[in-house]
Amino acid sequence: MSRRIVLLPGDGVGPEVTAAARLVLEEAARRHDVALAFEEHPFGGAAIDAAGDPFPDETRAACLQAEAVFLGAVGGPKWDGAPRRPEAGLLALREALGVFANLRPMRVLPGMETLGPLKPEIARGADILIVRELTGGAYFGRREEGRARARDEIVYAREEVERVARVAFEAARGRRGRVASVDKANVLATSRLWRAAASELHEREYPDVALEHVLVDAMAMKLVLAPASFDVILTENMFGDILSDEASVIAGSIGLSPSASLGGAVGLYEPIHGSAPDIAGQDKANPAGAILSAAMLARFSLGTEHMARDIEQAVEEAIASGARTADLGGTLGCRAFTQAVLERLG
Ligand code: NAD
Ligand code: IPM
Ligand code: MN
């Protein structure tokens, strides 16, 4: 029986990197004897243009019935004034799927320490998993729009903190056993709840894991000062959004970073970058983050660890052999880089 995967290419470079991820998934699945059935559905700005809604009911139904959802990227200047923006559709998708835990790994590959902006001796060995809470906080609080005054509300319930902290502690057990929980407990009430809930869960159930608390401003500094000193970083929705873009460039480019959003009925996989309007439609996007998101899909939704490893290894080998898109100082286009990955599968 075929496993159903819904693709939401979205906007800007979204369709380009989604096509790359699909090609790699198809080829890897063929080699591993896994039968996949892909369906594409309108989402984001493209869906506003086609149906007047960034997250049409038909797309929602297809996502909820799929085994996994893959998203390229959404948004762009064309829809910045829309009554319901593409980004609002993305939040609605995450909420509909119930994916509260967003895993964003970043690793500086051995020998690739000069791809990023940091001194190689600082970047060397960095291997971080950011666990970002994805369905709460400022993204989902009450909002008041206004030209004279506006309001965004941050709410967290203890259970929301506990369930995502659990994901971070479990992940740490399979890694180097350390969690840095990031908050702004010197100012925010939600952060004081976050810190207490994470500490108490740690004491009760994960005393074997080393837990430290770091204020978000200090973490922004420490990430570029000593990235190799962190293992798992656990944080709330907005801080995780910001810190994951910062972490991504340590490895070389935001175009390298994948993500998996878990904890709900259906897993959601997306590169962490946006629609990159400045390079869209020019075959310039780095598809590595999308391809690595497809590997996470194979791991977490299909349960095919061998296939996931295969894809990750092919990407690493391609980069190690000198295959580089423009964001990494190379000359390959999105399609040529994808080809370099396809050649190294299996
Ligand atoms: P962005 O991530 O789209 O781009 C930031 C910079 O990184 C740009 O210079 C871009 O060219 C570069 N970049 C991004 N992805 C790249 C890739 N794969 N290869 C090479 N270079 C890449 O962020 P932005 O410009 O702030 O946002 C553009 C739009 O995307 C906005 O509408 C925003 O809301 C949306 N956005 C969507 C998502 C998503 O769909 N998950 C994520 C972030 C931003
Ligand atoms: C991301 C993006 C989204 C977020 C936006 C587009 C809503 O920046 O996936 O990182 O902030 O979560
Ligand atoms: Mn982001």
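**Exercise 1. Leu225**

Determine in which helix Leu225 is placed, and whether Leu225 is buried or exposed.

*Solution.* Step 1: in this predicted model, Leu225 belongs to helix α8, which covers residues 216-225. Step 2: a residue counts as exposed if 12 or fewer other C-beta atoms lie within 10 Å of its own. Step 3: Leu225 has 11 other C-beta atoms within 10 Å and is therefore exposed. Step 4: along the sequence Leu225 and Ala123 are 102 residues apart, yet their C-alpha atoms are 9.0 Å apart in space.

**Exercise 2. Two residues with positive phi**

State where Asp33 and Asp283 are found, and classify the exposure of each.

*Solution.* Step 1: as background, most residues other than glycine have a negative phi. Step 2: Asp33 has a positive phi near 60 degrees, and Asp283 has a positive phi of about 55 degrees. Step 3: Asp33 is in the loop between α1 and β2 (36-40), whereas Asp283 is in the loop between β12 (267-269) and α10. Step 4: a residue is exposed at 12 or fewer C-beta neighbours within 10 Å, buried at 20 or more, and partly exposed in between. Step 5: Asp33 has 8 C-beta neighbours inside 10 Å and so counts as exposed; Asp283 has 15 and so counts as partly exposed.

**Exercise 3. Helix α6**

Compare the expected span of helix α6 with the span in the model, and list the elements against which its buried residues pack.

*Solution.* Step 1: helix α6 runs over residues 158-173 and has 16 residues. Step 2: the expected span is 1.5 Å times one less than the number of residues. Step 3: the expected value for α6 is therefore 22 Å, and its end C-alpha atoms are 22 Å apart, which agrees. Step 4: the buried residues of α6 are Glu160, Val161, Val164, Ala165, Val167, Ala168, Phe169 and Ala172. Step 5: these buried residues pack against β4 (101-107), β5 (127-133), β8 (178-183), α7 (189-205) and β10 (232-235).

**Exercise 4. Helix α11 and Ile311**

Identify the buried residues of α11, and describe the surroundings of Ile311.

*Solution.* Step 1: helix α11 (residues 305-320) has 16 residues and reaches 22 Å from its first C-alpha to its last, close to the 22 Å expected. Step 2: the buried residues of α11 are Met307, Ala308, Asp310, Ile311, Glu312, Ala314, Val315, Ala318 and Ile319. Step 3: their cover includes α1 (14-31), α10 (288-300) and α12 (334-343). Step 4: Ile311 has 28 C-beta neighbours inside 10 Å and therefore counts as buried. Step 5: apart from neighbours within four places in sequence, Ile311 is in contact with Val24, Ala28, Ile291, Ala294, Ala295 and Ala298. Step 6: Ile311 and Ala295 are 16 residues apart in sequence, and their C-alpha atoms are 5.8 Å apart. Step 7: just after α11, Gly322 takes a positive phi of about 105 degrees.

**Exercise 5. The largest nonpolar core**

State how many residues form the largest nonpolar core, and which of them touch the most other members.

*Solution.* Step 1: the core has 105 residues, of which Val69, Phe70, Val131, Ile291, Ala294 and Ile311 touch the most other members. Step 2: its largest share, nine residues, comes from α10. Step 3: domain 1 (1-99 + 264-346) and domain 2 (103-251) each give at least three residues to this core. Step 4: not counting residues up to four places away in sequence, Ile291 touches Ala20, Ala21, Val24, Ile311, Val315 and Val341.

**Exercise 6. The contact between the domains**

Describe the separation of domain 1 and domain 2 and the residues at their contact.

*Solution.* Step 1: taken over C-alpha atoms, the centres of domain 1 and domain 2 are 24 Å apart. Step 2: ten residues from domain 1 and eleven residues from domain 2 make the contact. Step 3: on the side of domain 1 that touches domain 2, α4 (86-97) and α11 are the elements that give two or more residues. Step 4: the residues of that side comprise six nonpolar, one polar and three charged.

**Exercise 7. The two ligand shells**

Give the composition of the shells around ligand 1 and ligand 2.

*Solution.* Step 1: ligand 1 has 23 residues around it, of which Gly75, Gly255, His273, Gly274 and Asn286 come nearest. Step 2: the shell of ligand 1 contains ten nonpolar, nine polar and four charged residues. Step 3: ligand 2 is surrounded by Gly75, Glu87, Leu90, Asp241, Ile272 and Gly274. Step 4: the shell of ligand 2 divides into two nonpolar, two polar and two charged residues.

Notes: Residues are numbered from 1 along each chain as its sequence is written. Chains are lettered from A and ligands numbered from 1 in the order in which they are written. This is a predicted model: local features need pLDDT of at least 70, side-chain atom pairs count only at pLDDT 80 or more; totals for chains, interfaces and linings use all residues. A residue is near a molecule or strand if its C-beta atom, placed from the backbone, lies within 6 Å of it. Ala, Val, Leu, Ile, Met, Phe, Trp, Tyr, Cys and Pro count as nonpolar, Asp, Glu, Lys and Arg as charged, and the others, Gly among them, as polar. Helices (H or I, at least four residues) and strands (E, at least two) are DSSP runs, numbered from the N terminus. Two residues are in contact if their C-beta atoms, placed from the backbone, lie within 7 Å. A nonpolar core is a set of buried Ala, Val, Leu, Ile, Met, Phe, Trp, Tyr and Cys residues joined through C-beta atoms within 7 Å. Domain bounds come from an automatic or database domain assignment.
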